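Reader: I'm new to looking at protein models. Could you walk me through this one, one question at a time?

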Amino acid sequence: MTAIHPQPRPHSRIRWRTPITMVILLGILAGGGWWGWNSLINSSAEPTCVEQKLPNNRLVPKQVVLNVYNGGARAGSAQRVADALKQRGFNIGKISNEPKGNKVDVAELRGVAANSPELALVAGQLNQKAVLVADGRTDHTVDLVIGAGFGSVRLRGIPSVQVPAGTTVCLPVIHTPQPVPSGQNPN
């Protein structure tokens, strides 16, 4: 009878699949990190506002981009207010419900600074006193959030706001829609 002897183990072969996979994954990670950093540093994004001296040192409605949000008012109120302010020359950006879902009592104006001329110009269009909120935005747009206690805009709002002589104001970049050539899908 032969004794069962343990079989010798074959020489272990080096398993290359795991180290090669790790090197490839690290290369992809490094390449993605380089691409992201390069995109961040060499961004070709358009400026959000342009520093300008105002003619006659006055800010007028056509130089202000205004977003109108409904923060607790009746349905359609934001559209009604936006239409009235558009007739006065304001560039209307967005019209919708308040993005964060916050409710306001009467009205709230949000902009780069509480004393900015664009907030003063929009505040001069309202019948009620609005709460001014400075959020430090870089594009110098203005958000008007209307609440349940908001009545209407003034019959005649202020036509412009005086800015100190020689100062520059950062005006939002206003994109005018381009007409779509006949026969082309705009989407």
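Reader: Which residues are linked with E98 and E108 in a network of salt bridges?
Author: This is a predicted model, so keep in mind that we're reading a prediction. In it, the side chains of E108 and R110 meet in a salt bridge, with 2.7 Å from N to O. A salt bridge also joins E98 to its partner, and the closest N and O atoms there are 2.8 Å apart. The residue that completes the network with E98 and E108 is R110.

Reader: How can side chains pair up like that, and how many residues apart in sequence are the parts that R110 and E98 tie together?
Author: Side chains of opposite charge can pair when their charged atoms come close. R110 forms a salt bridge with E98. R110 lies in strand β5, while E98 is in the loop between β4 (91-97) and β5, so the pair ties together parts whose separation in sequence is 12 residues.

Reader: Is R110 buried or exposed?
Author: The cut-off helps here: buried means under 20% relative accessible area. R110 has a relative accessible area of 10%, so this residue falls under that limit. Its partner E98 comes in at 5% and is buried as well. For R110, then, the word is buried.

Reader: Leaving aside neighbours within four places in sequence, which residues is R110 in contact with?
Author: R110 sits in strand β5, which covers residues 107-111. Its contacts include E98, its salt-bridge partner. The full set is E98, N102, L119, V133, D135, R137, T141, V142, D143 and V145.

Reader: D143 and R137 are both in that list; what distance, N to O, goes with the salt bridge where their side chains meet?
Author: Both D143 and R137 are buried. The structure holds 4 salt bridges, and the D143 and R137 side chains meet in one. Its distance from N to O is 2.9 Å.

Reader: Let's move to R154: is it buried, exposed or partly exposed?
Author: R154 is found in the loop between β7 (142-146) and β8 (161-162). Its relative accessible area is 33%. Buried needs under 20% and exposed needs over 50%, so R154, at 33%, is partly exposed.

Reader: Which residue offers the backbone oxygen that the side chain of R154 reaches?
Author: Leaving aside its neighbours within four places in sequence, R154 touches R88, G124, Q125, L126 and N127. Take Q125: it is 29 residues from R154 along the chain, yet their C-alpha atoms are separated by 5.5 Å. The backbone oxygen that the R154 side chain reaches, at 3.2 Å, belongs to L126.

Reader: What about the surface: about what area does the nonpolar patch with I24 have?
Author: I24 is part of helix α1, residues 17-41. The patch brings I24 together with W16, I20, M22, L25 and I28. Its area is about 650 Å².

Reader: Zooming out, how many helices and strands does the protein have?
Author: Try reading along the sequence, where the pattern goes α-β-β-β-α-β-β-α-β-β-β-β. Each α in it stands for a helix and each β for a strand. The secondary structure comes to 3 helices and 9 strands.

Reader: And of the contacts with a separation of 6 or more, what percentage comes from residues 24 or more positions apart?
Author: For scale, the protein has 187 residues, and 29% of them count as buried. Among contacts with a separation of 6 or more, the share from residues 24 or more positions apart is 80%.

Note on methods:
Residues numbered from 1 in each chain as written. Predicted model: local features only at pLDDT ≥ 70, side-chain atom pairs only at ≥ 80, totals over all residues. Heavy atoms only, no water. Helix = DSSP H or I, 4+ residues; strand = E, 2+ residues; numbered from the N terminus. Buried < 20%, exposed > 50% of the residue type's maximum accessible area, 1.4 Å probe, protein only. Contact = heavy atoms within 4.5 Å. Polar contact = N/O pair within 3.5 Å; in protein donor to acceptor, adjacent residues only side chain to side chain. Patch = residues over 30% accessible without salt bridge, like charges linked within 9 Å, V, L, I, M, F, W, Y side chains within 5 Å. Areas by Shrake-Rupley, 256 points an atom, 1.4 Å probe, with all protein chains shown as cover.
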